[in-house]
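I opened the model today and kept notes as I went. The entries follow the order in which I looked things up.

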Amino acid sequence: MRFRFPIFEFPPQAEALRVEVRAFVAEELAAGLWQPGGDFASSYDAAFSRRVGARGWLGMTWPRRYGGHERSMLERLVVTEELLAASAPVTAHWIGDRQSGPLLLRYGTEAQRAEFLPRLARGEIFFSIGMSEPDSGSDLASVRTRATKVDGGWSITGRKVWTTFAHLNHFAIVLARTGEVGDSRHGGLSQFIVDLKAPDVNVRPIVNMAGEPEFNEVVFDASFVADERLVGEPGNGWQQVTSELAFERSGPERYLSSIRLVESALACARERPTPRVREALGRMAAKLVALRTMSIAVAAQLQNGEMPNLEGALIKDLGNAFEREQIAVFRAMGAELPRRSDDYLSALAGATVNSPAWTLRGGTREVLRGLVARGLGLR
Ligand SMILES: Cc1cc2nc3c(=O)[nH]c(=O)nc-3n(C[C@H](O)[C@H](O)[C@H](O)COP(=O)(O)OP(=O)(O)OC[C@H]3O[C@@H](n4cnc5c(N)ncnc54)[C@H](O)[C@@H]3O)c2cc1C
């Protein structure tokens with residue numbers, strides 16, 4: 001079996017940081033700067049992201065020369081889990097901090113790192129993921145968006161879909177076919193940094209089930225991207241995209257999407273918990289502790305430069321199942337939960353309409369389970 005989740009304790013400086021982040025959240029709430037919102041992908045507040053950047057909590061692990069703070073993955077985990085636990089509006093900076101920045105650090109040119117990383121770390125620019133297409137989601141290697149070499153750059157034609165917050169963000173890292181499929185379907189793919197505000201890039205918002213324009217269709221019609229915006233070597237896109245996935249799948253956002261629901265349920269139940277309510281909340285706490293231990297282990301492996309893709313897939317699958325289960329349990333509980341507050345009812349309604357997306361974004365359950373089966377040597 002190839003899964004590893006070593007038990008890991010947070011170092012003292014990480015626990016000290018936790019106290020700082022909690023104080024920051026308390027100050028922000030006391031000043032009425034935001035209300036606890038939905039999950040990590042639905043509360044967009046650029047000003048909040050700039051304040052987090054000003055604290056030094058974006059690009060935390062990146063080198064100082066690129067505007068980073070040279071802190072550990074575990075310290076970064078403390079910040080992300082505290083902000084998620086507070087249901088803070090982290091959406092604007094989330095993708096750039098989690099995966100676009102690390103991708104540029106690993107594969108980008110010196111000029112790209114110097115241009116983008118300091119601004120990402122200050123919370124001034126925000127990135128989207130331009131992977132999925134209308135007929136290419138799970139089977140990402142089948143992307144049809146094509147980039148053709150032209151004088152001074154590349155001409156991109158094709159269509160991306162589900163590009164989260166492309167209508168508000170500044171850039172997307174777009175996966176496109178630059179070569180022939182050849183022997184391996186994974187060959188001939190490349191990634192480009194695309195300016196989402198460019199006049200030849202057409203961004204069309206799509207309204208989700210909760211009534212929010214969360215994601216977009218992004219259409220390229222001979223859109224020009226300069227040579228300097230190619231990320232890494234042409235043809236290396238597949239390896240680069242898959243290296244993003246360990247960052248994308250293992251974080252606390254994969255099991256804390258509905259934490260506001262659990263917190264508000266606890267507040268309602270505290271005075272008069274029935275045995276069923278106690279059992280349900282106890283089970284949730286136990287699962288949460290196990291998931292958190294696994295997620296910390298993956299952060300420690302990322303810190304060591306490892307790429308725990310399988311462990312990330314396992315955490316995302318278990319985490320998403322846990323999130324969905326919470327909603328089912330609370331819905332079934334109905335009025336047995338005493339004193340159902342407005343906060344609880346709004347958290348339950350929000351989680352119910354947003355939850356179908358949780359098991360799709362970042363890889364579907366079936367696909368993740370396929371990866372886990374491979375880790376067990378069954379495929
Ligand atoms: C809220 C949300 C935000 C998103 N944001 C982004 C974003 O910012 N950028 C981006 O690029 N994409 C984004 N996505 C797209 C997401 O990555 C895809 O929806 C996902 O990869 C699934 O692809 P698909 O929708 O094309 O479904 P399909 O791949 O067509 O899958 C349909 C069904 O078939 C099953 N299936 C497919 N292949 C297999 C297989 N090999 N074995 C077993 N079952 C299989 C799937 O599990 C699923 O149930 C987002 C999606 C959502 C819901």
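I count two residues as in contact when heavy atoms of theirs lie within 4.5 Å. The model is a predicted one.

**Entry: Ala347**

I started with Ala347, which sits in helix α10. Leaving aside neighbours within four places in sequence, I found Ala347 in contact with Arg260, Leu261 and Ser264. Its relative accessible area is 5%, under the 20% cut-off, so I noted Ala347 as buried. I also took the distance from Ala347 to Ile156, which is 191 residues away along the chain: their C-alpha atoms are separated by 41 Å.

**Entry: the whole chain**

I then listed the elements and got 11 helices and 8 strands. The radius of gyration is 21 Å, close to the 21 Å that the globule rule gives for 379 residues, so the protein is as compact as a globular protein of that length. Along the principal axes, the C-alpha atoms fill a box of roughly 70 × 45 × 40 Å.

I looked up burial next: 54% of the 379 residues count as buried. The accessible surface comes to about 16,500 Å², and carbon and sulfur atoms account for 55% of that surface. For contacts between residues at least 6 apart in sequence, I noted that 75% join residues at least 24 apart. On charge, I have 46 positive and 45 negative, and their mean positions are 4 Å apart.

**Entry: strand β4 and its partners**

How many of the residues of β4 are buried? I found 7 of 7 buried in this strand, which covers residues 171–177. Side chains in a regular strand alternate between the two faces of the sheet. I therefore listed the two sides of β4 separately: Phe171, Ile173, Leu175 and Arg177 are on one, Ala172, Val174 and Ala176 are on the other, and all are buried, so both faces are covered.

I followed the pairing of β4 in both directions. With strand β1 (residues 127–130), β4 pairs in the parallel sense over 4 bridges, and Ile129 stands opposite Ile173. With β5, β4 runs antiparallel, joined by 7 bridges. Here I noted Asp195 of β5 as the bridge partner of Phe171.

**Entry: Ile193**

I stayed on β5 (residues 189–195) and picked Ile193, which lies in this strand. At 1% relative accessibility, Ile193 counts as buried. Which residues does Ile193 touch, leaving aside its neighbours within four places in sequence? My list is Leu104, Gln112, Phe116, Phe127, Phe171, Ala172, Val225, Arg229 and Val231. Two of these names, Phe171 and Ala172, I had already written down for β4. I also checked Ile193 against Asp45, 148 residues apart along the chain, and their C-alpha atoms are separated by 23 Å.

**Entry: two hairpins**

The hairpin of β2 and β3 came up next. Strand β2 (residues 146–150) and strand β3 (residues 153–161) pair in the antiparallel sense over 5 bridges. Lys149 stands opposite Trp154 in β3. There are 2 residues between the strands, and I noted that Gly152 takes a positive phi near 80°.

I did likewise for β6 (residues 201–207) and β7 (residues 213–226), which run antiparallel and are joined by 7 bridges. Arg204 stands opposite Glu217 in β7. This hairpin has 5 residues between the strands, and Gly211 takes a positive phi near 85°.

**Entry: positive phi outside glycine**

Most residues other than glycine have a negative phi. I therefore wrote down two that do not, Ser87 with phi near 50° and Arg339 with phi near 45°.

Are they buried or exposed? Ser87, in the loop between α3 (73–85) and α4 (91–107), is buried at a relative accessible area of 6%. Arg339, in the loop between α9 (309–333) and α10 (342–358), counts as exposed at 59% relative accessibility.

**Entry: Gly56**

My last look was at Gly56, in the loop between α2 (46–54) and α3. Gly56 counts as buried at 8% relative accessibility. From Gly56 to Ala14 I have 42 residues in sequence and 14 Å in space, C-alpha to C-alpha.

Notes: Residues are numbered from 1 along each chain as its sequence is written. Side-chain values use heavy atoms; hydrogens and water are left out. Two strands pair if DSSP finds at least two bridges between them. The radius of gyration is taken over C-alpha atoms; the globule rule is 2.2 Å times the number of residues to the power 0.38. Buried means under 20% relative accessible area, exposed over 50%, partly exposed in between (1.4 Å probe, protein chains only). Accessible areas come from the Shrake-Rupley method with a 1.4 Å probe; for residues, only the protein chains shown count as cover. Lys and Arg count as positive and Asp and Glu as negative; His and the chain ends are not counted. The place of a charge is taken as NZ of Lys, CZ of Arg, CG of Asp or CD of Glu.
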